[in-house]
Amino acid sequence: MSSKKTKPLNLPAPFDVLSKQLRQPSQASLRSPSNISAEHSDPELDAAHLWSENEVLAIAQAWASRRPLLIRGEAGCGKSQLAKALSQALQVPLLTEVIHPRFEATDLLFKIDHVRRLADAQMLGALASRLKGPDQAPLDAAGIQKFTQAELPESRYVQEGVLMQAFETDAQSLSGRSPHWPRAVVLIDEIDKADSDLPNSLLGVLGSRSFKVPGRDEALCCSEHAPLVLITTNEDRELPAAFVRRCAVLNIKPPSHEQEFIAWLIERARVHAPLARLNRPAPGDKQGDTLLVAAAKQVWADRQAAEQAGYPSVGLAEYIDLLYALYNLSGGVPSKAWPWLNQLSAFALVKHREQDQQRASTAQT
């Protein structure tokens with residue numbers, strides 16, 4: 001594992017914030033391990049991240065070109081984690097939408113609650129006979145329609161999508177900062193699950209940084225302190241070529257050779273302060289592998305077995321989950337964590353129903 005530090009990049013704000021963290025643990029991982037209890041350790045809340053030069057440069061390219069950043073890579077390789085770390089580093093909100101197959105193109109902007117509007121209209125219809133005009137005479141059909149349009153405007157039933165939330169996020173806290181500092185980070189997760197019309201329609205909105213909202217006379221615009229948009233794909237479905245061309249693209253590829261892959265895993269585990277506490281050899285074997293190395297070797301072995309059998313493989317996400325399980329069950333004491341590795345690893349790393357989850361038994365230390 002290389003300990004060489006990358007020279008900080010000479011980038012303007014807001015990217016100087018990221019370049020200063022290059023190859024350094026994120027702020028979440030710098031908390032004292034003594035202040036982190038097993039009960040409160042949570043890999044989702046503890047946004048530890050090991051920044052790479054490629055990540056910083058890709059983000060800078062996307063923002064400077066006013067394009068979204070498309071992050072490509074296998075499931076669990078750290079794509080969503082990058083968005084969490086970015087929002088933490090810039091100290092702006094993170095707004096997330098996970099795409100599903102029934103997701104519609106406009107859902108990222110807003111939704112109209114038609115069910116609620118219909119229910120309200122039906123209620124007004126039931127009361128129509130009691131409605132009266134200014135002269136106290138019962139309203140005719142035209143009067144009822146005018147009343148309904150006034151009392152049930154479409155704008156009342158608009159539900160904000162993630163981009164509408166981002167455009168309307170208060171940017172007052174950014175006063176004094178560069179106008180190019182984003183007001184929020186938007187994560188559009190797993191866009192490959194959507195139909196092709198969603199990514200294509202997204203480009204127009206992000207290019208103009210504006211869109212129309214029902215019931216509003218003027219378009220909702222966000223030219224200054226616009227949100228920084230990150231989009232992830234697990235490559236389950238081919239994305240439209242036109243969409244990919246108009247994005248900045250970051251490819252996250254775990255190393256394909258054993259030693260490099262193991263070192264890659266361990267580097268990313270060690271920036272989690274709780275997990276770094278486990279980086280000790282087995283009791284009585286001071287020259288042997290540390291727990292983080294042993295767990296990484298097991299990930300590699302199970303990854304290779306799955307790939308050879310044609311099953312989805314495991315990687316960084318499963319490795320971190322396994323280590324947090326060891327930490328929480330052992331109370332952060334390495335000597336107590338070692339016996340759990342062999343007993344738990346299959347359930348964290350062997351995922352396909354046809355795979356054997358039996359490990360060779362070992363005596364607890």
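Q: What makes up the area that the protein exposes, and how is that area defined?
A: The protein exposes about 19,100 Å², of which carbon and sulfur atoms supply 49%. Accessible areas come from the Shrake-Rupley method with a 1.4 Å probe, and for residues only the protein chains shown count as cover. The model is predicted: local features need pLDDT of at least 70, side-chain atom pairs count only at pLDDT 80 or more, and totals for chains, interfaces and linings use all residues. Residues are numbered from 1 along each chain as its sequence is written, and side-chain values use heavy atoms, without hydrogens and water.

Q: What makes a residue of α7 count as buried, and which residues are these?
A: Buried means under 20% relative accessible area (exposed is over 50%, partly exposed in between; 1.4 Å probe, protein chains only). In α7, Leu198, Pro199, Leu202, Leu203, Val205 and Leu206 are therefore called buried, since they meet that definition.

Q: Why is α7 called a helix, and how does its span compare with the expected one?
A: Helices are DSSP runs of H or I with at least four residues, strands are runs of E with at least two, and both are numbered from the N terminus. Residues 197–208 give α7 12 residues, so the helix meets that minimum. The expected span is 1.5 Å times one less than the number of residues; α7 reaches 18 Å from its first C-alpha to its last, close to the 16 Å expected.

Q: Which residues does Leu163 contact beyond its neighbours within four places in sequence?
A: Contact means heavy atoms within 4.5 Å. Leu163 is in contact with Leu108, Leu109, Val186, Leu202, Val205, Leu206 and Val229, leaving those neighbours aside.
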